[in-house]
Amino acid sequence: MTNSVKLSTIDVAKDVLKEYGGAMRFEYREVSDGISIDAVYGDIGEVVIPDMIDGKPVREISAYAFSGKDINPDDGDGIEFRLAGDVLKSVTLPDTLEKIGELCFYQCYDLKSISLPNTAIEIGSDAFMNCKKLDTLFIRGSVKEPSSLRQILLQRTSATDVWFDDAAIHFSEYSEKYDLIGPAHIFELNIEGEGFRARKCFDGDVFDVGMYDTVFEKAKDTEDEKTLCKTAALRLSRPAGLTDEIKESYLDYLLSHMDVYLDDVIKHRDLSLIEGLGREGFLSDETVAIALKKMTAARWTEGVAKLLAWKSEWGKCNLCVM
């Protein structure tokens, strides 16, 4: 239970957000063991919440703090505006955080990514409802440590990429529906997609990569090639807990569908999906040449430049042939 002591407004120093080029103002309340954030104002949609405010740790993000419900994005002084709803693009949460309130990010339709600490944060009900573009989570820590990932995934059925320091995991989309059976009006839950099974791979609050890897063979029968390529590529790019046998299975699939994979990388202009593979030695010279040709045809000059720079750093490929 929180105790409201006062409502204050502070200005965060520009150097906190120097990589984004802006400063932010926080409305907050003091609670029993720190600070609870109620609202954020600024001039950009990338929010970074500091660990400390007014000498006290930030412990909570209040219910509806970033929600688009009943929020006028133009609220402010003409220079800054309320960072909520459609305005919000990404959020970096502090290491000190312990709780995210219910419906905190409700109707943040353009929110794409969240970075959070590798700790078991309490997640309020429907915290991410209608976050239709949220597809990436960055968890600062090892996949072998407890985190709040399980709680978040319980609220998410859409496709989500999760990046730990030592592992990268793709959770494919799944759907749930109730089918009416017979005249007795009995309803049966029907689940489609291996994403549901992948979301059950936890031992308490620790994600079980070994259990997750067993889902891949079953997913080959139901998931599309793009999804399977992304699953394989992410696991290979940050291979914590990956056995040699499973590594071979992922690699065989990816290499036999490399055209599909590269087309998807280029379509989404996402270099993170190829950099890790090269760093781990899974891209042959022939594959890199094909990727460069595709990027050039797509007029992706940034991709060409970065791939050439990375290639000179990666060293010898672990593959004799593609």
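These are my notebook entries on what I looked up in a predicted model.

**Entry 1: the sheet**

I began with the strands. Strands of a sheet pair through backbone hydrogen bonds, either parallel or antiparallel. Here I found an open sheet of 6 strands, and its order reads β4-β8-β10-β12-β13-β14. The pairing in this sheet is mixed. I noted β4 (46-48) and β14 as the edge strands, since each pairs on one side only. Direction ignored, neighbouring strands of the sheet are turned by 15 degrees against each other on average.

I then went through some of the pairs. At one edge, β4 and β8 (residues 90-92) run parallel and are joined by 3 bridges. Within that pair, I looked up the bridge partner of Glu46 and found Ser90 in β8.

Further in, β10 (residues 113-117) runs parallel to β12, with 5 bridges between the two. Leu116 has Ile139 of β12 opposite it.

On to the next pair: 3 bridges connect β12 with β13, and these strands also run parallel. Thr136 faces Asp161, which belongs to β13.

**Entry 2: the largest pocket**

Next I looked for open space. Rolling a probe the size of a water molecule over the atoms shows where empty space is left. The largest pocket holds about 620 Å³. I listed 24 lining residues, and those closest to the pocket centre are Asp135, Asp161, His170, Lys230 and His268. Asp161 was already in my notes as the residue opposite Thr136.

Which elements each supply at least two residues of this lining? I wrote down the strands β12 (136-140) and β13 (160-163), together with α4, α6 (258-268) and α7 (272-279). By class, the pocket lining divides into 10 charged, 9 polar and 5 nonpolar residues.

**Entry 3: the cavities**

I turned to enclosed space. How many cavities of 30 Å³ or more does the structure hold? I found 2.

The largest cavity has about 110 Å³ of space. Its lining consists of 14 residues, and Ser172, Tyr212, Val215, Ala219 and Thr231 lie nearest the centre. Two or more lining residues come from each of β14 (168-171), α2 (195-198), α3 (209-219) and α4 (225-237). The largest share is that of α3, with 4 residues. I sorted this lining by class and got 7 nonpolar, 5 polar and 2 charged residues. I also noted that α4 appears in the lining of the largest pocket.

The second largest cavity has a volume of about 30 Å³. It is lined by Leu134, Leu137, Ile152, Leu153, Arg156 and Thr160. In this lining I counted 4 nonpolar residues, 1 polar and 1 charged.

**Entry 4: the cysteines**

I checked for disulfides. A disulfide is a covalent bond between the sulfur atoms of two cysteines. The structure has 0 of them.

Why is Cys104 not bonded to Cys108? The closest cysteine sulfur to that of Cys104 is in Cys108, and at 7.6 Å it is too far for a bond. Cys108 is likewise in no disulfide, with the sulfur of Cys131 nearest at 5.1 Å. The cut-off that I applied is 2.5 Å between the two sulfur atoms.

I also asked whether these two cysteines are buried or exposed. Cys104 counts as buried because its relative accessibility is 0%. Cys108 is buried too, also with a relative accessible area of 0%.

**Entry 5: two loop residues**

Last, I looked at one residue in each of two loops. Ser62 sits in the loop that runs between β6 (56-61) and β7 (81-82). Its relative accessible area is 8%, so I recorded Ser62 as buried. Tyr28 is 34 residues away from Ser62 along the chain, and their C-alpha atoms are 8.9 Å apart.

Arg299 lies in the loop between α8 (285-297) and α9 (301-314). Buried or exposed, I asked of Arg299. I recorded Arg299 as exposed because its relative accessible area is 74%. From Arg299 to Ile266 I noted 33 residues in sequence and 9.9 Å in space, taken C-alpha to C-alpha.

Methods: Residues are numbered from 1 along each chain as its sequence is written. This is a predicted model: local features need pLDDT of at least 70, side-chain atom pairs count only at pLDDT 80 or more; totals for chains, interfaces and linings use all residues. Side-chain values use heavy atoms; hydrogens and water are left out. On a 1 Å grid over the protein atoms alone, a cavity is a set of points where a 1.4 Å probe fits but cannot get out, and a pocket is an open set with protein on both sides within 12 Å along at least five of seven lines; lining residues have an atom within 4 Å of a point. Grid points are joined across faces, edges and corners, and a volume is the space filled by probe spheres set on the points. Ala, Val, Leu, Ile, Met, Phe, Trp, Tyr, Cys and Pro count as nonpolar, Asp, Glu, Lys and Arg as charged, and the others, Gly among them, as polar. Buried means under 20% relative accessible area, exposed over 50%, partly exposed in between (1.4 Å probe, protein chains only). Two strands pair if DSSP finds at least two bridges between them. Axes are lines fitted to C-alpha atoms, for helices over the stretch in contact, and angles run from 0 to 180 degrees between N-to-C directions.
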